[in-house]
Structures are given as structure tokens and as C-alpha cells.
Amino acid sequence: MKVISGPSLVLCGLLLLQAPRSLGLPPESRGHLCRTRPTDLVFVVDSSRSVRPVEFEKVKVFLSQVIESLDVGPNATRVGLVNYASAVRQEFPLRAHGSKAALLQAVRRIRPLSTGTMTGLAIQFAITRAFSDAEGGRARAPDISKVVIVVTDGRPQDSVRDVSARARASGIELFAIGVGRVDKATLRQIASEPQDEHVDYVESYSVIEKLSKKFQEAFCVVSDLCATGDHDCEQVCVSSPGSYTCACHEGFTLNSDGKTCNVCNGGSGSSATDLVFLIDGSKSVRPENFELVKKFINQIVDTLDVSDKLAQVGLVQYSSSVRQEFPLGRFHTKKDIKAAVRNMSYMEKGTMTGAALKYLIDNSFTVSSGARPGAQKVGIVFTDGRSQDYINDAAKKAKDLGFKMFAVGVGNAVEDELREIASEPVAEHYFYTADFKTINQIGKKLQKRICVEEDPCACESIVKFQAKVEGLLQALTRKLEAVSKRLAVLENRIV
């Protein structure tokens, strides 16, 4: 086996990470996570007094995860949401949001109503109002699906049987999700057939997120995009459920567009990278989420080849002011960098993203601050809200200077600002998620995108080797599980 070392391995580890599930942003070298037929999808969500605020936040995470997997657009999937308790409130209609980012922010803004449980009234509202032309519902046609997902945790105070039957008769597909002490007979009265595919139950809101994968797969109507030719791969298409990955024949390597291939030259060269994190430490982040941000930083640091000749890392925190936590080149090992990140204190106060970008240009990437001439300059900006100052000039200047800029937004981050900060192609350099708890998924995406490997053929060989090892480990795991089951059976017989 050929061993590769030195500069040809810089940041190569970033390519070895398995690609995560989508967070609503275009993945590299993959097709759409889910190619859906045109669908009008309405969530009907119980926020009665039995649903505590912390539990309602779990429901919002579940809704966001389902939305993140959808092919959202005016001609693809449209999403509406109905919130109910004793009364019904339409949070947003089908026509309101044409992008995932807008939908995710709208979900984040929802608040519980905290009174009774009029599930039948909410379903009636969906039939008569939510799917109407005025609210963005499309005309009934064989190629347009109408879907309602009802989430409830109690016994309704009105009847659901007749109204659900009318909904199903009108062509609406009904899914019923019950939580905790829900009346399971009610779920069966709501749901479409076959009920084992349309009724779900979880013991508590803390595990409702587990159902998101089921709905992510349920909306995928194309399982083999390679077989149907619905892909853009130049040489090899590797299929996975509802998606695909492009690959190349032996002797070729995949280009950065994730679709086309180049002949491997076997060359090597310098791959020095100066990477600076710009981290939002404003009051809206909150202490517990700031700890998750620090883990996000260290997740990326873990994959870097840190040394004087390869990757250097700097860290800047900003709020109403800008504070350099440590400059490029101060720390020469991952261990020291990660320790410094963990020790970073939380600033709180405002959100001056523009000032932070200006600091990056004027200070962080200067030779006096440890930056190296000729090294690629990479900036990762992390924010959770709207900037309180002007960002456009500084964002443009950073890109004009050749800095590779990534923008990561969480929660109330503004999509237009993320796009303004991100390098071209914008879709590959900005990321958004509704919840701090899922930023580790963005970390995995960034790990791959930051890679500046100048000998991709070397990295490709390692990737193939790792994939083979992972396959063997998975096979071994399955065998061990089978052996454990046999032993358990034997023990039961002996007893």
C-alpha cells in the first residue's frame, strides 16, 4: 500500500468524513436529497396547554428536519402550517415561503397557544382554508399530492372521525402522529390507509425527532436517480435512496463541481491554509448555545493538518465590539487550539458583523498577525441574527482580496446577509440551520468544503480505502449482532 505524507495530505482528512444529511443547503457531489412530485404539505400542530413550551420546541425541531429534506419551491413542494388549541391559527399559508431558509425561520417564530384541543376544527380548517387557491393550494391534479401531518398529544375535545373522512375522500393524505397520553383511537380515525404507514406514536416529545427520517423518506418518490438518468454525472453515478453521488473511472478524479472528472496528474504542491473563525458572541446566542458553537469550531479543527507549513488557525469573537481570541500561528497543535477554544469566554451584547469582517481584513490576515504570504486565506463567519451595522463593503472587500469566505447562520440569521458574506458559488459557501443543536451537521459539510488539496488523486485513494474499511467494519458489526442474538436465544433455552 502506498503511503502518502507531507504537503499532499494537507486538509485531506476533511475529505474522509461521511457526507451528512442535508440541512437545507445544496450538498457537494450529490443530487437533491429528495426528488418529490409536486406536493402541497400542511402541518397541523397541537399546541394546547398539555404541550409544555420546551416540548413545543422539540416539535419545531421535528418540523424543521422534515422541511430540510424537501425539494421546496413554487413548482415542487409548498409548505403551510396550522397551529391549534381551542382555536385555530394559520401560522403561514402554502403561498407564503418559496425557500427552505424562509420556511425554517417561520417555524422558529411559532409560539404555542396553550388552551384546549380542537383537533377536528383544525382538520376542518385545513380542508376548507389551508388548501384553497387563495392560500396557495394548487388545483387538484393527478401529479399534485395533498398531504396533512397532524401532531397531537391528547384526546380531542371535538370529533375527528367525520371531518377526517371528508378530508380523505377529497384526496388529502393524512398522517397522524401521537405523543405521550394521546388517544390512539383518535389517531386511527384521522389517518389514511394503510394505517401502519400513516399512524405513528412516540412516548414523549424528547424522541419525536426520530420520526423525521420516516417522513424524509416518505416524500421521496424517486429512489434510483441513476437508473432513471436524472443526474448530471459525467462518468459514474452511484445511487442511494432519493439521491446520488458522482464518481469517476480509475485514473480520474472528481472536480470541485461534483459532476465532472479530470485525469489524475499525480503532482503535489504546497497547500498552506490560514483559517480564521469569526464567531458571533452576542446576547441572543445564549451561554448554552455558545458552548455548542465552541464544539462546532473544534469539530473542524479536529480534521485539519495543523503545522507551520500547512494549516494555521485564528479565532475572533465579536458582539458590540471585536476581540481577537488568538491570532494565526500562535498555536501549533490541534490540542492547544482546541484548549484555547474551550477557554474562550462569552462576550454577550450586540451583533456588529460588519466590524468583525473589517477586523478580519485589516488585522487577522496580515503578516504581523501570523498570516503567511501565498497561503490560502479562509474565513468562517458564524452568526445567529441580523447585523447591527453595515456589512456589504467589508464582505465585498474580503472576497475581492481573494479570501475564501464561508457564512454559517443559525436561528434568526438573515439569509441575505449570509449570501452577501459568502464566496462564489454562493450556494456552496453559506449554510443555515434553525437550531443550534444541529450545527455539528454544518461542521461536517464545512470540513469537506474547506479542503484545498492540490493532489486530489491522493485524497481519493484514501477515501476509497476508508470506504472499504468502513464496509468491512459494518459487516463485522452485523455478524457480531447476529451472534449476540443467537447467544441470547441459547441462554433463554437453557433457563
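Helices (H or I, at least four residues) and strands (E, at least two) are DSSP runs, numbered from the N terminus. The model is predicted, so that local features need pLDDT of at least 70 and side-chain atom pairs count only at pLDDT 80 or more, while totals for chains, interfaces and linings use all residues. Residues are numbered from 1 along each chain as its sequence is written, and side-chain values use heavy atoms, with hydrogens and water left out.

Strand E4, which covers residues 145–152, contains Thr 152. Because its relative accessibility is 1%, Thr 152 counts as buried (under 20% relative accessible area, with over 50% being exposed and partly exposed in between, for a 1.4 Å probe and protein chains only). The side chain of Thr 152 forms a polar contact of 2.9 Å with the side chain of Asp 46, and another polar contact, of 3.4 Å, links it to the side chain of Tyr 84; such a contact is a pair of N or O atoms within 3.5 Å, where within protein one must be able to donate a hydrogen and the other to accept it, and residues adjacent in sequence count only if both atoms are side-chain atoms.

Helix H3 (residues 119–130) packs with helix H4 (residues 161–169) at an angle of about 25°, their axes lying 9 Å apart (axes are lines fitted to C-alpha atoms, for helices over the stretch in contact, and angles run from 0 to 180 degrees between N-to-C directions). H3 is therefore roughly parallel to H4, a term for angles under 35 degrees, whereas those over 145 are roughly antiparallel, 65 to 115 roughly perpendicular and the rest oblique.
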